[in-house]
Amino acid sequence: MKIMKQIRTTKSKFIRVRCPKCNSEQAIFGKATTKVKCLKCGQQLTKPTASKAKIKAKVLEVFK
Ligand SMILES: [Zn+2]
């Protein structure tokens, strides 16, 4: 679970998304400022902007 180490601030959230390409689900960091790729097919799931990530995958759930 290498994604877990990205929890650094309490304000941050994880979201569960579905890859638009291969339909596999994974949890990603909602405010990721780096590119997040699908673990299975490599499809880019977030598009980083200056302040927050733009999610390019289908959001299934937000972890609070
Ligand atoms: Zn995929």
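## A bridge to start from

In this predicted model, Ile15 has Val62 of strand S5 as its bridge partner. Strands here are DSSP runs of E with at least two residues, while helices are runs of H or I with at least four residues, and both are numbered from the N terminus. That bridge is a good way into the fold, so to speak, and the pairing around it comes next.

## The sheet

S1 and S5 are antiparallel and share 5 bridges; two strands count as paired if DSSP finds at least two bridges between them. On the other pairing, S1 and S2 also run antiparallel, joined by 5 bridges. Here Arg18 is matched with Glu25 of S2. The hairpin made by S1 and S2 has 6 residues between the strands, and Asn23 takes a positive phi near 65° there.

Put together, the strands form an open, antiparallel sheet of 3 strands in the order S2-S1-S5. Strand S2 (25–29) and strand S5 (58–63) each have a single partner strand, so they stand at the edges with one side lacking a neighbour in the sheet. From one strand to the next the twist averages 30°, with axes fitted as lines to C-alpha atoms and angles taken from 0 to 180 degrees between N-to-C directions.

## The whole chain and Thr46

The protein chain has 5 strands and 0 helices, giving the element order β-β-β-β-β from the N terminus. Of its 64 residues, 17% count as buried. The cut-offs are 20 or more other C-beta atoms within 10 Å for buried, 12 or fewer for exposed, and partly exposed in between, with C-beta atoms placed from the backbone.

Is Thr46, in strand S3 (residues 46–48), buried or exposed? Thr46 is buried, because 23 C-beta neighbours lie inside 10 Å. Between Thr46 and Phe29 the C-alpha to C-alpha distance is 9.5 Å, with 17 residues separating them in sequence.

Taking contacts between residues at least 6 apart in sequence, 30% link residues at least 24 apart; a contact means C-beta atoms, placed from the backbone, within 7 Å.

## How far to trust it

The average pLDDT (the predictor's confidence in each residue, from 0 to 100) is 80 for the protein chain, and 80% of the residues score at least 70. Among the elements, strand S1 (residues 14–18) has the highest mean, 90, and strand S4 (residues 53–55) the lowest, 79. Where pLDDT is low, the predicted coordinates should not be read in detail.

Residue numbers start from 1 along each chain as its sequence is written. In this predicted model, local features need pLDDT of at least 70 and side-chain atom pairs count only at pLDDT 80 or more, whereas totals for chains, interfaces and linings use all residues.

Methods. Two residues are in contact if their C-beta atoms, placed from the backbone, lie within 7 Å.
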